[in-house]
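Me: I would like a close look at a single part of this protein model. Please explain in connected prose how that part sits within the chain.

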Amino acid sequence: MEVIDKIRFMRELNQWSQEEMAEKMNMSVSGYAKIERGETNLSVHKLKQIAMIFDVDVFELVNNKEKGNIYINGENSEYKNFNNTNYCNDQELNSEIEKLNLIISHKNELLAQKEAELNQLKEIISLLKQQLQK
């Protein structure tokens, strides 16, 4: 995804108009529109400013991986105030999925262990009740 496409994509995710974005950048609407159309070269200063507005690293804006995916961690379904946007390739995404599967597997093991402990405690309580009744 090209830089200008990422900028437009993130602006739209935030449901901001070009006018709102231009205001955030202290520039004219036509000047900002030229950025999104690729009609102007982005200075490092402008890239930093855009990255700050979207709360991402400049590297995320300029990194041009030809093959990749976008995933977004957000607090609401409209992604109005998203927390983090990551651009990654298939290998990185598969690695992240593998890590998450390991975490889930470990969680399941802990739950099974706790279930076994609960069953043992229930048996102990049952035995204690039987002894008290004698």
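Reply: The following account takes one helix, H3, and places it within the whole chain.

The structure is a predicted model. Its protein chain contains six helices and two strands, arranged along the sequence in the pattern α-α-α-α-α-β-β-α. Of the 134 residues in the chain, 22% are buried. Among contacts with a separation of 6 or more, 52% join residues that are 24 or more positions apart.

Helix H3 spans residues 29-37. Five of its members, Gly31, Tyr32, Ala33, Ile35 and Glu36, are buried. What do these buried residues of H3 pack against? Their partners are three other helices: H1 (3-13), H2 (18-24) and H4 (44-54). After H3 comes Gly38, a residue with a positive phi, near 75°.

One residue of the neighbouring elements deserves attention. Arg11 belongs to helix H1. Is Arg11 buried or exposed? Arg11 has a relative accessible area of 8%, and a residue counts as buried under 20%; Arg11 is therefore buried. Leaving aside residues up to four places away in sequence, Arg11 touches Tyr32 and Glu36, both of which are among the buried residues of H3. Arg11 also touches Trp16, Ser17, Gln18, Met21 and Phe54.

A contrast is found in helix H6, which covers residues 90-133 and includes Leu118. Leu118 is partly exposed, because its relative accessible area is 44%, a value between the limits of 20% and 50%. Together with Leu121, Ile124 and Leu128, Leu118 forms a nonpolar patch on the surface, and the accessible area of this patch is about 370 Å². For the protein chain as a whole, about 9800 Å² is exposed, of which carbon and sulfur atoms supply 51%.

Finally, the confidence of the prediction must be considered. The mean pLDDT of the protein chain is 82, and 81% of the residues reach 70 or more. Confidence is highest in H2, at 95, and H2 is one of the helices against which the buried residues of H3 pack. The lowest confidence belongs to strand S1 (residues 69-73), where the mean is 46. Over residues 66-87 pLDDT stays under 50, although the model has 56 contacts beyond four places in sequence for this stretch.

How values were computed
Residues numbered from 1 in each chain as written. Predicted model: local features only at pLDDT ≥ 70, side-chain atom pairs only at ≥ 80, totals over all residues. Heavy atoms only, no water. Helix = DSSP H or I, 4+ residues; strand = E, 2+ residues; numbered from the N terminus. Buried < 20%, exposed > 50% of the residue type's maximum accessible area, 1.4 Å probe, protein only. Contact = heavy atoms within 4.5 Å. Areas by Shrake-Rupley, 256 points an atom, 1.4 Å probe, with all protein chains shown as cover. Patch = residues over 30% accessible without salt bridge, like charges linked within 9 Å, V, L, I, M, F, W, Y side chains within 5 Å. Salt bridge = Lys/Arg side-chain N within 4 Å of Asp/Glu carboxyl O. pLDDT = per-residue confidence, 0-100.
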